[in-house]
Structures are given as C-alpha cells and as structure tokens.
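Reader: I am new to reading structures. Please take one part of this one and walk me through it closely. Short steps would help me.

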Amino acid sequence: MRPSPQIIVLDAGGQYCHLIARKVREFGIYAEIRPSETYAGEISAARGLIISGGPSSVYDPASPTVDPAIFTSGQPVLGICYGQQLMAHLLGGTVTKGDRGEYGLATLDLDLTADPLFAGLGGPQQIWMSHRDVVTEVPQGFSVVGRTATCAVAAVAAPERKLYGVQFHPEVVHTSRGRDLLHNFLFRICGCTPDWDPSHRLPLLEQEIRDYAGGRKVFFFVSGGVDSTVAFALCQRALGEERVRGVYVDTGFMRAGETEFVARMPGITVEHAGQRFFRALAGITDPEQKRHAIGEEFVLVQEEVIEARRLLDEEWILGQGTIYPDTIESGGTAKSSVIKTHHNRVAGIRKLLAAGRVLEPLKSLYKDEVRAVGRELGLPAELLDRHPFPGPGLAIRCLCCDTDAPVLETADGWIIPVHSVGVQGDERSYAPVLAIDRLDHRAGTELINRLRGVNRVMAIVDSHQPIRAMQVQACALVPERIERLRTADAIVRRLCQRSGYDQQVWQFPVILIPLGTIDRPDSIVLRPVESVDGMTAQSALMPASLLTEISSELLAQPGICAIFYDLTHKPPGTIEWE
Ligand code: XMP
C-alpha cells in the first residue's frame, strides 16, 4: 500500500515538476503531484506544499494559479521559479518581465540567516536558472534573502507564515546545495518523517502490472534500449514468460550492430521494415513531422504484426517502456508546453491508450530509477549502462533542410541556417545554430545568453574547407545519409569505449547536419553531455587527444566536410538535435 502523501507538488506545468516529487521521495518521504488549482481543502492533510515552475507568465490570462487559501492554511509552502512568482503575485508583490532571460548556471548570494530553510547554506553558491520573468517587489511580510548578478530576488522568506520562494531550481543537480535546501524544507520546516522505502518499488510495480493486465497477455515492440528491455523483463517476472512476447522492428534507423544484439535475446523476434520507413519519410524535413511519420509507420507495422501473429484478440495488450521524461516533455502533464512528440505518444497509440490496451510499467520512473529496477531484475550491466538512445533512432539525429542556404558571417561567429529544437524557460524553440572558432564552453554560455535568434553554439573542431566555403544544402532523410551517420556513430562509439570515455559521459549523440560542399555535403556534430536524468544537461569536456582521434577518423569518411562540438547546455539546447 502507498502511504498518503506528506508532500504535495502542485503542478504549474514545469518541466521539472516530476523531478521535484522524485527528489522528495529520495529522502524517504512519499510525495505526489496534483494540478496546481487543487482546492486547499483537498490537500490539507499534507505536511507541506511545493509549487512547481512552469512555462507561463503570471500575467497571461490562462496561466496556472493556485487556491490562495493554501497560503493561510498554516501549511508550509515552497514556490519554485514560476511558483515563487505566483506566490508573490497572489500575495500582493510585483512580477516583471525580465529584459533578458537567465538560463543555465549562476551564482547565488544567500544571506546568512537564522531561518531553518537556509540553515547551513549562507554565502555564494552555484545554482541553475531557467526564467525570464522576475519578482521585483516582494509581498508584505516577506524579505529577500538571496540574489544573483541579474536577479535581485532569487530567494524570499516569510518565516512566521512558513512561506518561501526561490527563483532557481533546487531540484536539479546543477544547483550545488539544492538537495540541502529541499532537505531543510522537508525535515526542518514541514517536520516530515520518512515513510517511503524505494526498495518496495519492485513488488509494487509488479502488482500494478498484474492489476492492469488482468487475465490478458502482453506483447512489446522492444527497441533493444534500456527502457523497453527493463519493461519487458519486468512484465515477464510479473506475469510469467509465457504471457509476454517481444517483437523488434528494424526501422532502418538503428545503430550499427543493434539488430544483431537484440535478435540474440530470448523471447524476441525481428521484423525487417527499413524500406517502408524510408518511403514513409520521403521528402519530410520538419522534425515534428518526422516523429509523427515514424510513429504512424510504427503503428502500421505494429498492426500488421498483430494481425500476422493473431494478436488482435482481446486477450492481448501492448506493453511500452515509456518513462517519466517522455510523458512530461510531450505535454503529458496538464500544462507543460509541447517540446516534442515522442513516438510512443502519436495518435495511433493514443487510441490504444483510450481503449485501455497499453501498459507502461515504467511511466513514473526516471532513467536512473529504471536502471536500478533493471539491476534488481538481474539484467546485465552491459545493457543497463548503455547510453540512452531515442526510439526513432538515427532518424532524428539526421537533420534535414528544405532549401539551400548560405552561412552568414557575423561579429560573433557564423550563423548556420540549420534549425534544431531547444528548450528555453520551459518553452520549445526551433532556431539556427552559431558556429565559433574556439572550443570554449564559457564563451558558448555567454553567447547563448546574449544572442537572440539562435538556440545553440558549437565550436568547429576541424574541416576540409573553411566555414565560409560551406553552405547548407536542401536534403531529406535518405538511406545514404543514414548510412553516413551510422558509420560516424559507430566510429565515435568504438573510440569512446576503447578510451573509457563513454563511462564518463551520460550520453553522446552524434549528429549529421547538411552543411558542407558539393563533394562533401554533410558535417558531424559531437554532443557529449553530462546529466543525471536527461532533464537538464551540461555539454561535457573531452580529452584533446580523443577529440583529435575522433575528428581525423571522421574526416577520412566520404561525404563528411567538418566536425563540430556542441557547447550548449540544456536548457537552452536539448540533448538531441532534431
Ligand atoms: P532531449 O533531446 O529532449 O532528450 O534533451 C532528453 C533525453 O530523452 C531522449 N529522447 C528519447 N527517448 N524516445 C526515447 O525513448 C524518444 O523519442 C526520445 N527523444 C529523446 C534523449 O536521447 C535524451 O536522453
């Protein structure tokens, strides 16, 4: 049985809402998420409330709000980012549109106060910011206790009323003392006592699977990645092997060696479908359309497989390895802006969901929690420690363009007219990238905060031609380009595994962009990142010798004109380019 939640996280639509609840659970305190507008009376039993961040501005008419009665209930309330702004706004303070946003790392100067929330936390410290609006006047009874160079109200407190707000994100790992701040809130302010043991998770997940499946059998389309494999193994354990089957669809966008690896797994058969996926994607360049086309084709293949294997019978349901970030970033929580449509959320799958025929046993877990479940299930470390790889595969890392376009030289570098997806202040962006001539992360962060109209900065590592001699060429997703990317990806993976670098980074996408010359029409972007759960990430450093080795081997490949290194953190970039 789940305990009743001690902490309620009020969801104002933030990318990080679920992360907050999970961080609370990591302290052994059971937390749940509710829509922000939930009536105070319904959540009065909780020991404390946290209002999440969100993509809105408090002045937008449709922006999320909270029941103001929560501020007089006597329960402690912590507002994070938009949560702080909302609290200030509703209690008589002022929120103003910032003239420039603040995205990424900043230094917080926190007062040394006697307040238990900030116990042991005074002084300068690293925090993570992602916002444009700011609180400019605090409500009566509140005092400002922390600030950054560009944000004068970064932490506020009204201790007698147990109301607190922070503009930064204590729930992400890049806020160095964020864990301590949450710990203080839970134990010193709210008086929580541990009631949640994560090791109860496995029996709980198995029970949920049995409850949902009832007497039905489950079949999976496994991708060979961690999520679908763990979900598959978990279902086999919960329901018995004979009730769970797996089919692996080779879309043509798999990494080198992937299909062979999966084909060796017990209980799984391979469906070769590469040609039809290329047909379905012919001429499509827009990333969202690509995802939809792949998702729809997947559903078609799936339906054919179902029919061929006589799985249409009501006794079968579809199992999926969907995890928490997938549902959040597709607008799965009530209000988060649609950053991208993950392929397991397209219309076809939604129909199955509506019919109650989709089982997603990992949908409340983050990547590292999924790995922990996999370890408990006894799956091999070789599989579990693999870097995550998106379902639509190499297709989303192969960027396309509608028209030829020149590179634009500016005072800051070259604007490359290849659009890619990003996330800024909880909103989706789709913009060109700036190339600079030095591998300097600090310069990258400075430029991305200053410049409008680009959402990434990358450094040129090496090339056959100077950037000014290159141009972006119209192109779509064709087998030749996917093969080029597959080869590059395999080279990078081999060299990183050999040097042990793959264990130092969280993920290392290799991206193909249509920038080059007639003879060498494409370039490669290297995107090693550090992260904990994929929600935020930092562009990772790499040993110079490894970079030189990778770059020279890639440049020796036919069709490759230049090698770049993405310097952008998430936010404002995403991990993947699309
Ligand atoms: P972004 O690019 O949004 O990626 O920063 C965050 C994490 O999610 C992975 N990702 C996916 N995983 N299906 C998946 O299973 C997908 O469609 C998908 N798209 C992105 C991405 O690789 C990164 O780890």
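Author: Let us take the strands, beginning with one pair. This is a predicted model. Strand β10 covers residues 217-221, and strand β13 covers residues 316-319. The two pair in the parallel sense, over four bridges. Look for Val 218: opposite this residue, in β13, stands Ile 317.

Now widen the view. β10 and β13 belong to an open sheet of five strands. Read across the sheet, and the order is β12-β11-β10-β13-β14. The pairing in this sheet is parallel. At the edges are β12 (268-272) and β14 (358-359). Each of these edge strands pairs on one side only. What holds such neighbours together? Strands of a sheet pair through backbone hydrogen bonds, and the pairing can be parallel or antiparallel.

Next, go to strand β1, residues 7-11. Is β1 mostly covered or mostly open? The strand is mostly covered, with five of its five residues buried. Here, buried means under 20% relative accessible area. Check the two faces in turn. On one side are Ile 7, Val 9 and Asp 11, and these are buried. On the other side are Ile 8 and Leu 10, which are buried too. Both faces of β1 are therefore covered, given that buried means under 20% relative accessible area.

Which strands pair with β1? One is strand β2, residues 31-35. β1 and β2 are joined in the parallel sense by five bridges. Find Ile 8, and its bridge partner in β2 is Glu 32. Another partner of β1 is strand β3, residues 48-51. Four bridges link β1 and β3, and these strands also run parallel. Here Leu 10 has Ile 51 of β3 as its bridge partner. Ile 8 and Leu 10, recall, lie on one face of β1.

Finally, look at an enclosed space. How many cavities of 30 Å³ or more does a search of the whole structure find? The search finds four. Take the second largest, with a volume of about 60 Å³. Its lining includes Tyr 103, Gly 104, Leu 567 and His 569. Gly 444, Thr 445 and Ile 448 are also among the lining residues. Strand β5 (94-110) supplies at least two residues of this lining, as does helix α13 (441-450). α13 gives the most, with three residues. Pro 571 and Pro 572 are in the lining as well. By class, the lining has five nonpolar residues, five polar residues and no charged ones.

Methods
Residues numbered from 1 in each chain as written. Predicted model: local features only at pLDDT ≥ 70, side-chain atom pairs only at ≥ 80, totals over all residues. Heavy atoms only, no water. Pairing = 2+ DSSP bridges. Buried < 20%, exposed > 50% of the residue type's maximum accessible area, 1.4 Å probe, protein only. 1 Å grid on protein atoms, 1.4 Å probe; cavity = no way out; pocket = protein on both sides within 12 Å on 5 of 7 lines; lining within 4 Å. Points joined across faces, edges and corners; volume = space filled by probe spheres on them. Nonpolar A, V, L, I, M, F, W, Y, C, P; charged D, E, K, R; others polar.
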